[in-house]
Amino acid sequence: MPLALLWVVTPSTEVCSGLGVTDSLVGRSISNGRSKRISKKQENLNSWRLNVAKPKNRSERYPVLSSMVANPTGEMAVLSSEQRVYDVVLKQAALVNRELKKREDLDLDVKPDIAVPGTLSLLGEAYDRCGEVCAEYAKTFYLGTQLMTPTRRKAIWAIYVWCRRTDELVDGPNASHITPTALDRWEARLEDLFSGRPFDMLDAALCDTVTRFPIDIQPFKDMIEGMRLDLRKSRYKNFDELYLYCYYVAGTVGLMSVPVMGIAPESKAPTESVYNAALALGIANQLTNILRDVGEDSRRGRVYLPQDELAQAGLSDEDIFTGKVTDKWRNFMKKQIKRARMFFDEAEKGVSELSAASRWPVWASLLLYREILDEIEANDYNNFTKRAYVSKAKKLLALPIAYAKAKLPPRSISSMSKV
Ligand SMILES: CC(C)=CCC/C(C)=C/CC/C(C)=C/CC/C(C)=C/[C@@H]1[C@@H](COP(=O)(O)OP(=O)(O)O)[C@]1(C)CC/C=C(\C)CC/C=C(\C)CCC=C(C)C
């Protein structure tokens, strides 16, 4: 890490947003109306539920796929989004298991600081800056991180800042200048930081984090892929397409965070089932985000709702642009909300398996985000002109509830699916 710090540049050399995305990323200007992500049809929903929880290995989990793979013609099977994402989950879980084994053998918890004069204070500053960004953009979440151990807290801040900066590329003040080439450069920069060559101070913090925790680069690359998708796509044919988008932009956050938050030593849950729960929380959050922002997104010409499900409900883009709450719309929304809640339910199973100090911020984020769905219902499904939000009072109430839930020990085996 000390070497990496030689590459540090101060935030004052950066341009663009307050998060310091460099102008080197900005290329030719294209028009870009950023938006979000959402849902699909009942049978997919059911298959999702069945799939995520149980099977032991790939062939049990995806019997149809397995037979296609065995096809002697050598034809490549087309994987569903869920199958593709599950491979990333398995890879990240395997990485964590290997790393834990290594650390057990060495009797280490996290990598110790190597004291090279001058570098630790620079690194300290880099992390402090990440903490400030986090406090500015996500107050409640920042508060929640205060319960974590200092090393974990700083690492989560560093991840948060990288995610926020990535999101700002397509959703921030300079979004209209962002091109696929700029995203390629951002990805090259990511690869550099994973190789110990961070470009700036905030990257340096993440660079340090990925040497301390068993974090794979794939979810980071996938988040950038989500931003690419946002540049070129404004409609989703079905839930499978939307699921992939939700994984890219939000499920990835879960996969990045769990190696840092840690699984409780007393948890008996299989590692991959905890990662599945983390993935589910990201997807649930993103689906909720999409449902909340239907009107706002439509005004940017974007419809994240699955086109086939809209059609099945007798609805079209036109109905969304018109923005009239009809019974058709209410029925459609009820199904979408139901599906988002199922993802939250799946996520709940994993929270108690996390290390004790990490549970509170996760419970708080889960409870607060899920509450947005209740608010959409309370608004009689008018998500065209009314923004569903959780009041300060409800937020405050959620915090002690989250705290009480966080006190519960891992429940493992009985409620978690054995993978
Ligand atoms: C404890 C905790 C919540 C940790 C996550 C910290 C972290 C690294 C957050 C990064 C969030 C971020 C900036 C993502 C960029 C893409 C994006 C904007 C996604 C949307 C988030 C909300 O965005 P926004 O701030 O614009 O929302 P508002 O408009 O202000 O409402 C998302 C909807 C998704 C964010 C996804 C998560 C927070 C995933 C959380 C999952 C875990 C932390 C795993 C928990 C583990 C288990 C086992 C359940």
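Guide: Two residues are in contact if their C-beta atoms, placed from the backbone, lie within 7 Å. This is a predicted model, in which local features need pLDDT of at least 70 and side-chain atom pairs count only at pLDDT 80 or more, while totals for chains, interfaces and linings use all residues. Residues are numbered from 1 along each chain as its sequence is written.

Visitor: Of the contacts in the chain with a separation of 6 or more, what percentage comes from residues 24 or more positions apart?
Guide: The chain has 19 helices and 2 strands, which are DSSP runs (H or I, at least four residues, for helices; E, at least two, for strands) numbered from the N terminus. Among the contacts in the chain with a separation of 6 or more, the share that residues 24 or more positions apart account for is 80%.

Visitor: Which helix supplies the largest share of the shell around the ligand?
Guide: A residue is near the ligand if its C-beta atom lies within 6 Å of it, and of the 28 residues around the ligand, Cys163, Ala250, Gly254, Ala278 and Gly350 come nearest. At least two residues of the shell come from each of α8 (150-171), α12 (239-261), α13 (271-292), α17 (327-351) and α18 (356-378). The largest share, 8 residues, is that of α13.

Visitor: How many residues of the shell around the ligand are charged?
Guide: Here Ala, Val, Leu, Ile, Met, Phe, Trp, Tyr, Cys and Pro count as nonpolar, Asp, Glu, Lys and Arg as charged, and the others, Gly among them, as polar. On that scheme the shell around the ligand has 18 nonpolar and 8 polar residues, and the number of charged ones is 2.

Visitor: How do α12 and α13 lie to each other?
Guide: Their axes, lines fitted to C-alpha atoms over the stretch in contact, with angles from 0 to 180 degrees between N-to-C directions, come within 7 Å and cross at roughly 130°. Angles under 35 degrees count as roughly parallel, over 145 as roughly antiparallel, 65 to 115 as roughly perpendicular and the rest as oblique. The crossing angle therefore makes α12 and α13 oblique.

Visitor: How many polar residues does the contact of α12 with α13 have?
Guide: The contact is made by residues including Cys246, Ala250 and Gly254 of α12 and Ala278, Gly282 and Gln286 of α13. By class, 15 of its residues are nonpolar and no residue is charged, while the number of polar ones is 7.

Visitor: Which orientation do α8 and α10 have to each other?
Guide: Helix α10 covers residues 201-212, and α8 packs with α10 so that the axes are 9 Å apart, at an angle of about 125°. The contact includes Ala155, Ala158 and Trp162 of α8, and Ala205 and Leu206 of α10. Given the angle, α8 and α10 are therefore oblique.

Visitor: Which is Ala205, buried or exposed?
Guide: Ala205 lies in helix α10 and, leaving aside neighbours within four places in sequence, is in contact with Ala126, Tyr127, Cys130 and Ala158. A residue is buried if 20 or more other C-beta atoms lie within 10 Å of its own, exposed if 12 or fewer, and partly exposed in between. Because Ala205 has 28 other C-beta atoms within 10 Å, Ala205 is buried.

Visitor: Which is Tyr381, buried or exposed?
Guide: Tyr381 is found in the loop between α18 and α19 and has a positive phi of about 65° although it is not a glycine. Asp380, whose phi is near 55°, has its place in the loop between α18 and α19 and is exposed, with 12 other C-beta atoms within 10 Å. Tyr381, with 23 C-beta neighbours inside 10 Å, counts as buried.
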